[in-house]
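Visitor: I am new to this entry, and I would like the reasons behind the words as well as the words themselves. Could we look at it together?

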Amino acid sequence: MLKLQSKIPEGPLAEKWSNYKSNQNLVNPANKRKLDVIVIGTGLAGAAAAASMAEMGFKVKSFCYQDSSRRAHSIAAQGGINAAKNYQNDGDSIYRLFFDTIKGGDYRSREANVYRLAEVSNEIIDQCVAQGVPFAREYGGTLDNRSFGGALVSRTFYARGQTGQQLLLGAYQALSRQVKKGNVEMYPRMEMFNLVIVDGKARGIIARDVITGKLERFSAHAVVLASGGYGNVYFLSTMAMGANVTAAWQCYKKGAFFGNPSFVQIHPTCIPVHGEYQSKLTLMSESLRNDGRIWVPKKLEDAKRLQNGEIGGADIPEEDRDYYLERRYPAFGNLVPRDVASRAAKERCDAGFGVNETGLAVFLDFRDAIQRLGKDVIEAKYGNLFQMYEKITDHNPYEVPMMIYPAIHYAMGGIWVDYELQTTIPGLFATGESNFSDHGANRLGASALMQGLADGYFVLPYTIQNFLAHEINTPRFKTDLPEFEQAEKEVQEQLEKLMAVKGTMSVDTLHKKLGHIMWNYVGMARNKEGLEKAILEIADLKKEFWNNVNIPGELNDLNVELQKASRLADFIELGDLMARDALNREESCGGHFREEYQTGEGEALRNDKDFTYVAAWEYKGEDKEHVLHKEPLKFEYIEVKQRNYK
């Protein structure tokens, strides 16, 4: 418990962040030049953090496994970014954004963190506008907004259907400016494989050049993780194919606690799975639910004819359509939060009302919006998304309803951090999706971009100084210390062990097996029996992996299969921890739905008495039980009650 000090400042909620900034330790400009910071990842959180710290005067080393920092997965977040500007004068405020986020996360996040997130959201918009991000605008010139799930106001700023891409380009430009000035050293095609700890503090990393296979050592006064989420543990997800958990998992093994690993988001608007040999899922933006209406047939016989391909959605008359979200949740309708919309789609499909050949799809229909607003208006708002859907499915969504189904999309769990975004290892910080901090058990749409940029531009640049202020007399580290040598040796032995297996099963075959276990037992709905089965099956899969994986190619060369195998070894261990965390949490909350704990109407039933805490897991060694630590969550400014979107 001693390590789990959340460091939430004293004082009124609305003043905590201001008070913190007024009283924290700072580093003077001359000393900043003497301090090095390593940043892992160049998505929104990583690029923003690296650029901001370099602008302040720190020397930054920026790493990504892609060939360019612009290829980070943040580019795929298309829908928008939340901020409480209240341009529409529809009643929005910082408090309302804070309230919606806490409620949307099913009261499993910290009040102080979420209020800070809402507070700095407005600064993000100003920063990005100044960078030239082309947000959509009203006729009068003010920035346009649209609505996302879980909110009754329009607070989502967007750049057509490319918001993540445009925001990432803004952060990338800021980063490039610092590269040009010599304050940031870029290391593309370098993947972090181990953390180096010297005298109890994070002081460097071991990275592998993915082109040559060479292991290299890098030192710094602090290390920042901005390595994204771990949705690919399910094999099929909306994540970029290379997204992995390795950097975070190696830090977990070195002493950083892992928070709420079972909290993952199932996004309701993805293109359905179409076959066993598929390797990737595609997300359609949540923004589509502003104008699209979700429905399935009322009659089972109509659903059967759709599944058999005898009719299409347009053949079913209006009176025979079940707009089930509007029926069940009249106040929020199609804009209920993602966990609620996902479970509702699963319930309809499980009851036999699915609309495609697998029975695992519902309609997202723009017929009424096109009739009301005109095709030109819909095309202006969502045109590139419609184009993407047609290219993938060969169906024209202007003429026939889209088909969608829930899929793994985001990880609310991650490395445990305190209010300063520092992990349980001094000098190691985690930002954006790699930490657990701000979304609780469910993330509202358009909040991922908000947290990534909040952490990178406006939180970490302040809080990391509170640590670095005590390091100004610490000279730069040499990488020939025994701790670096040992860390590199660990990586080398692990990679040689993988290459030595020489089995017969491909990495993807084994990964797909893991994905089936995770989706079937640790997916959209979980129960005690299934989770216990998952733990046993993952243990068997781990043995199968280490006895039978086949990795062609050479160790010291460009070897994509070796990269994938190394990541899968970590995913298997993470999958085990996720199942154990889900088994421990005997309640339903947000994206974690235990079938044993639901209301009479099929909604998530929390147990606030026993589970109002962050589950922070500690690694104790190979094949040893993980140890659970609990950080109690206290709610002083918000009433905790059953979520209701009706």
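Visitor: Which residues touch the most other members of the largest nonpolar core, and what makes a set of residues a nonpolar core?

Guide: A nonpolar core is a set of buried Ala, Val, Leu, Ile, Met, Phe, Trp, Tyr and Cys residues joined through side-chain atoms within 4.5 Å, and in the largest one, with 190 residues, Met53, Ile81, Leu225 and Phe545 touch the most other members. Another core lies apart from it and has five residues, including Phe263, Met412, Ala441 and Cys589. This is a predicted model, in which local features need pLDDT of at least 70 and side-chain atom pairs count only at pLDDT 80 or more, while totals for chains, interfaces and linings use all residues. Residues are numbered from 1 along each chain as its sequence is written, and side-chain values use heavy atoms, with hydrogens and water left out.

Visitor: What does methionine 53 touch, beyond residues up to four places away in sequence?

Guide: Methionine 53 touches Val37, Val39, Phe58, Val60, Val224, Leu460, Pro461 and Ile464, where contact means heavy atoms within 4.5 Å.

Visitor: Why is serine 566 called buried or exposed?

Guide: Buried means under 20% relative accessible area, exposed over 50%, and partly exposed in between, taken with a 1.4 Å probe over protein chains only. Serine 566 has a relative accessible area of 5%, and therefore it is called buried. Serine 566 belongs to helix α17, residues 560-584, and, once neighbours within four places in sequence are set aside, it is in contact with Phe193, Thr246, Leu495 and Leu498. Helices (H or I, at least four residues) and strands (E, at least two) are DSSP runs, numbered from the N terminus.

Visitor: How do you know whether α15 is roughly parallel or oblique to α17?

Guide: The axes of helix α15, which spans residues 507-521, and of α17 come within 10 Å and cross at roughly 20°. Axes are lines fitted to C-alpha atoms, for helices over the stretch in contact, and angles run from 0 to 180 degrees between N-to-C directions. Angles under 35 degrees count as roughly parallel, over 145 as roughly antiparallel, 65 to 115 as roughly perpendicular and the rest as oblique, so α15 is roughly parallel to α17. The crossing of α15 past α17 is left-handed, a word used if the near helix is turned anticlockwise from the far one by less than a right angle, with right-handed used if clockwise.

Visitor: Which residues make the contact between α15 and α17, and how many of them are nonpolar, polar and charged?

Guide: From α15 come Val507, Asp508, Leu510, His511, Leu514 and Met518, and from α17 come Glu561, Lys564, Ala565, Leu568, Phe571, Ile572, Gly575 and Met578. Sorted by class, the contact has nine nonpolar, two polar and three charged residues. Here Ala, Val, Leu, Ile, Met, Phe, Trp, Tyr, Cys and Pro count as nonpolar, Asp, Glu, Lys and Arg as charged, and the others, Gly among them, as polar.

Visitor: Why is valine 507, in helix α15, called buried or exposed?

Guide: Valine 507 has a relative accessible area of 1%, so it is buried. Leaving aside neighbours within four places in sequence, valine 507 is in contact with Val549, Asn550, Glu561, Lys564, Ala565 and Leu568. Valine 507 and alanine 565 are 58 residues apart along the chain, yet their C-alpha atoms are separated by 5.8 Å.

Visitor: What makes α1 and α13 roughly parallel or oblique to each other?

Guide: Helix α1 (residues 16-23) and helix α13 (residues 448-468) have axes that come within 10 Å and cross at roughly 45°, and therefore the two helices are oblique to each other. Trp17, Tyr20 and Lys21 of α1 make the contact with Phe458, Val459, Tyr462, Thr463 and Asn466 of α13.

Visitor: What makes α6 and α13 roughly parallel or oblique to each other?

Guide: The axes of α6 and α13 come within 11 Å and cross at roughly 10°, so α6 and α13 are roughly parallel to each other. Thr163, Gly164, Leu167, Gly170 and Ala171 in α6 meet Leu449, Leu453 and Tyr457 in α13, and this contact divides into five nonpolar, three polar and no charged residues.

Visitor: Why are asparagine 260 and aspartate 394 called buried or exposed?

Guide: Asparagine 260 has a relative accessible area of 2% and is therefore buried, whereas aspartate 394, at 67% relative accessibility, counts as exposed. Asparagine 260 lies in the loop between β10 (258-259) and β11 (264-270), and its phi is near 45°, a positive value in a residue other than glycine. Aspartate 394 lies in the loop between α12 (375-393) and β15 (402-411), and it has a positive phi of about 65° although it is not a glycine.
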